Amino acid sequence: MNNKPMLNAYPDSLGGKLSDIAALLKKKEMQDTFSSFYILPSLYHSDLDRGFSVVDYNLNEELATIEDLSQLKELGIDLKLDFILNHASAQSPQFKDLVEKGDESEYRDFFIDWNKFWEGHGVMTDEGYIQPDESCLKQMFFRKPGLPILMVEFPDGRRVPYWNTFYQEVHGREYLGQMDLNIKSEKVWDFYRETLEKIASYGAAIVRLDPETWEFLQQIHELAAPLGLTLLPEIHAAYEEKIYKTLADKGYATYDFFLPGLVIDAIENRRADYLAKWAREVVDDKISTVNMLGCHDGIPLLDLKGLLPEDDIRSLIDLIVSRGGMVKNLHGQKNIYYQVNATYYSALGESDSKMLLARAIQMFMPGKPQVWYLDLFAGKNDHEAVRRAGESGHKEINRTNLSASDIEEALKKDVVAKQLELLRMRNTHKAFEKGAVITVAGEGPKLSIRYDNGEAYALLTVDFEAGAYEIELS
């Protein structure tokens, strides 16, 4: 995996179709800024959660075509694509076959039969599902109230419970939702193999996924490696749990979910100490990361537990919320949700100077920089989109699609032009190429990060007290 900048967007985020993004990247202002593109999964046929409920992995040609992907390849841009391992849409061909044929379906065990899973570990209820023992349930976290069950009506009239973690809507024998996959099913592993082959055929270099266990991740790696695919596991965990370190030790790259909060802390509290400590750890321990500021989900802050004092984490959450950010209330407990939904620009108080400082720091951090399109174009919190989306629409605050005219206006802004200059520097300057020696120093309000690569060098110096930075290049 190269360490050059990666754009992050939905296929319809910038103009309406993937072809519009390809055209945008050909514009003079955008040339030489990105070497990779993380296209979110509405690229595929999907029905919920802006692409993450996948019906099938064929291209959604209303938004993206093979020709569009070829255009990106001609621009020298490789792709990062999603593989949703754990769920499939209730509209997927496999689940529809199950509903149609019941026990006779070849996909009878493709999804998780709740009663088979809990057999021997609970009591059968009058409704026809097993109520698991409390000793089992207390070790589990559910994303919605109640048990994650969808009662599926079979052709013979029986109602069979299946595991359903995300979303549920029932209209007779028509269902919406994301159904959990049974990794003990050979059919599921055939599906994994076929899907990875399809993703590779689209030109993907990196595949993002959510693994369940280390053994599971290794099994997927064995399928992906012969196809030339690099796996990027997404695992949210507190710093103190050291999951990122385990990933690195096992040879995987990891998301740097600590950087977004550390940068806001450094800018708002005018201190480099915690940010510099993390940067030095990445360098010293040779941890391969994909780093970011904003993204399609939100700004992760509870990941910082063990790295930043908990009172300071709470203060950061309160600050971003005071600037219009939103925190999802899970089962009445806000302190267990790891992300604050906001654009990064709004999280920084919609300050151009703070946004540029944050981007400059990201460009000098070790790892591969991933750039959310809306932050690049200085997008603000979109509360109207949240209202339109209704319940559970909090993430829409940071997913505004930009029209061609929006983009043209944004390209005239100084804060956008200067971010593009920073990206171009990171993408093209020899100091940042493979083999660079990175030196980090930071204490109090001062931070410096230097890259040396042969005779080429690049140096960032930051004064957080003044809110200013300087860059020196060979």
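At 22% relative accessibility, does E396 count as buried, partly exposed or exposed? I looked this up before anything else, and E396 counts as partly exposed at that value, where buried means under 20% relative accessible area, exposed over 50%, and partly exposed in between, with a 1.4 Å probe and protein chains only.

**Ground rules.** I note that this is a predicted model, in which local features need pLDDT of at least 70 and side-chain atom pairs count only at pLDDT 80 or more, while totals for chains, interfaces and linings use all residues. Residues are numbered from 1 along each chain as its sequence is written, and side-chain values use heavy atoms, with hydrogens and water left out.

**Overall form.** I found 17 helices and 24 strands in the chain; helices (H or I, at least four residues) and strands (E, at least two) are DSSP runs, numbered from the N terminus. I then checked the radius of gyration, which is taken over C-alpha atoms, against the globule rule of 2.2 Å times the number of residues to the power 0.38. The chain has 23 Å, which agrees with the value near 23 Å that a compact globule of 474 residues would have. The C-alpha trace spans about 75 × 50 × 45 Å along its principal axes. Of the 474 residues, 54% are buried. I also looked at contacts, meaning heavy atoms within 4.5 Å, and among those with a separation of 6 or more, 66% come from residues 24 or more positions apart. The exposed area is about 20,200 Å², of which carbon and sulfur atoms supply 46%; the areas come from the Shrake-Rupley method with a 1.4 Å probe, and for residues only the protein chains shown count as cover.

**Cores.** I searched for nonpolar cores, each a set of buried Ala, Val, Leu, Ile, Met, Phe, Trp, Tyr and Cys residues joined through side-chain atoms within 4.5 Å. The largest has 145 residues, and those with the most contacts inside it are F37, F95, Y192, L275, F377 and F464. Helix α13 (residues 352-364) gives the largest share of this core, 8 residues. A second, separate core of 11 residues includes W114, Y129, I130 and C136. Going back to Y192, I listed what it touches beyond four places away in sequence, namely F83, L85, L181, I183, F216, I220 and L223.

**Salt bridges.** A search of the whole structure gave me 29 salt bridges, each a side-chain nitrogen of Lys or Arg within 4 Å of a carboxyl oxygen of Asp or Glu. E396 appears here again, in a salt bridge with R50 whose closest N and O atoms are 4.0 Å apart. R50 lies in the loop between β3 (44-48) and β4 (53-59) and E396 in the loop between α15 and α16 (404-411), so the pair ties together parts that are 346 residues apart in sequence. The side chains of D109 and K116 also meet in a salt bridge, at 3.1 Å from N to O; D109 is partly exposed at 34%, and K116 is partly exposed at 47%. Salt bridges that share partners join D12, R50, D297, K395, E396 and R399 into one network. Within helix α3 (residues 93-101), D97 and K101 lie 4 residues apart, about one turn of the helix, and they form a salt bridge with closest N and O atoms 3.1 Å apart. D97 counts as buried at 12%, whereas K101 counts as partly exposed at 38%.

**Loop around N381.** I placed N381 in the loop between α14 (373-376) and α15 (383-389), where N381 is buried with a relative accessible area of 14%. A polar atom of the N381 side chain lies 3.4 Å from the backbone oxygen of R323. Leaving aside neighbours within four places in sequence, N381 is in contact with residues including R323, G325, T343 and E350. E350 is itself in a loop, between α12 (344-347) and α13, and has a positive phi of about 55° although E350 is not a glycine.

**Loop at G298.** G298 lies in the loop between β16 (289-292) and β17 (299-300) and is buried, with a relative accessible area of 1%. Apart from neighbours within four places in sequence, G298 is in contact with Q339, V340 and N341.

Notes
A polar contact is a pair of N or O atoms within 3.5 Å; within protein, one must be able to donate a hydrogen and the other to accept it, and residues adjacent in sequence count only if both atoms are side-chain atoms.
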